[in-house]
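Here is a walk through one small fold, from the overall numbers down to a few single residues. Have the sequence and the model open side by side as you read.

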Amino acid sequence: MLIALQSKEKRKAPRHHDVHWDAMSAEQKIALYDLHKFGFRLLFVRQLPSGPQAFIMQNKTLAVISKNGDVDYSPDVKLRA
């Protein structure tokens with residue numbers, strides 16, 4: 001299970017959307033572009049040893065896009081509130 005949680009917040013302000021967009025692979029951008037028309041939006045990108053993971057959401061549905069552009073609509077992750 002991936003856990004998108006840090007014990008202590010290090011950033012003073014949220015990152016700008018462009019920072020997350022620039023961290024995505026081309027395949028992730030294409031996948032998000034296709035999903036955007038269904039209401040998905042980019043939340044953030046995490047850099048993992050396996051590559052960048054893009055976290056997206058539509059209403060209350062969380063999904064993850066792998067570096068190859070594969071979308072997992074039921075990821076096993078926990079987000080901090």
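Buried residues account for 33% of the 81 residues in the chain, where buried means under 20% relative accessible area, exposed means over 50%, and partly exposed is in between (1.4 Å probe, protein chains only). The chain exposes about 5900 Å², and 54% of that comes from carbon and sulfur atoms; the areas are from the Shrake-Rupley method with a 1.4 Å probe, and for residues only the protein chains shown count as cover.

A word on what you are looking at. This is a predicted model, in which local features need pLDDT of at least 70 and side-chain atom pairs count only at pLDDT 80 or more, while totals for chains, interfaces and linings use all residues. Residues are numbered from 1 along each chain as its sequence is written, and side-chain values use heavy atoms, with hydrogens and water left out.

The mean pLDDT of the chain is 83, with 78% of its residues at 70 or more; pLDDT is the predictor's confidence in each residue, from 0 to 100. Confidence bottoms out in strand 1 (residues 2-4), at a mean of 51, and is highest in strand 5, at 96. Where pLDDT is low, the predicted coordinates should not be read in detail.

**The layout**

The chain has two helices and six strands, with the order β-α-α-β-β-β-β-β from the N terminus on. Helices (H or I, at least four residues) and strands (E, at least two) are DSSP runs, numbered from the N terminus.

Four of the strands make an open sheet in the order 2-3-4-5, with antiparallel pairing. Strand 2 and strand 5 are at the edges with a single partner strand each, so one side of each has no neighbour in the sheet. Two strands count as paired if DSSP finds at least two bridges between them. Here are the pairs:

| Strand pair | Sense | Bridges |
|---|---|---|
| Strand 2 and strand 3 | antiparallel | seven bridges |
| Strand 3 and strand 4 | antiparallel | five bridges |
| Strand 4 and strand 5 | antiparallel | two bridges |

You can trace the register through a few residues. Val45 stands opposite Ala54 in strand 3, and Ala54 in turn has Ile65 in strand 4 as a bridge partner. Further along, Val64 is matched with Asp72 in strand 5. Strand 4 (residues 61-65) is mostly covered, with four of its five residues buried.

**Two turns**

The hairpin of strand 3 and strand 4 has two residues between the strands. Asn59 is in that loop and has a positive phi of about 50° although it is not a glycine. Is Asn59 buried or exposed? With a relative accessible area of 70%, Asn59 is exposed.

The hairpin of strand 4 and strand 5 has five residues between them, and Gly69 in the turn has a positive phi of about 90°. Gly69 also meets a distant part of the sequence: its C-alpha atom is 8.1 Å from that of Ala26, 43 residues apart along the chain. Leaving aside neighbours within four places in sequence, Gly69 is in contact (heavy atoms within 4.5 Å) with Glu27, Gln28 and Ala31.

**The helix on the sheet**

Helix 2 lies across strand 2, strand 3, strand 4 and strand 5, at about 5° to strand 3. For that angle, axes are lines fitted to C-alpha atoms, for helices over the stretch in contact, and angles run from 0 to 180 degrees between N-to-C directions.

Which residue is worth a look in helix 2 (residues 26-36)? Try Gln28, found in this helix and buried with a relative accessible area of 0%. Not counting residues up to four places away, Gln28 touches Pro52, Gln53, Ala54, Ile65, Ser66, Lys67 and Gly69.

**The cores**

The largest nonpolar core has eleven residues: Met24, Ala31, Leu32, Leu35, Phe40, Leu42, Val45, Ala54, Ile56, Ala63 and Ile65. Such a core is a set of buried Ala, Val, Leu, Ile, Met, Phe, Trp, Tyr and Cys residues joined through side-chain atoms within 4.5 Å. Helix 2, strand 2 (41-48), strand 3 and strand 4 each give two or more residues to this core, and helix 2 gives the most, with three. A second, separate core has six residues, among them Phe44, Phe55, Met57 and Val64.
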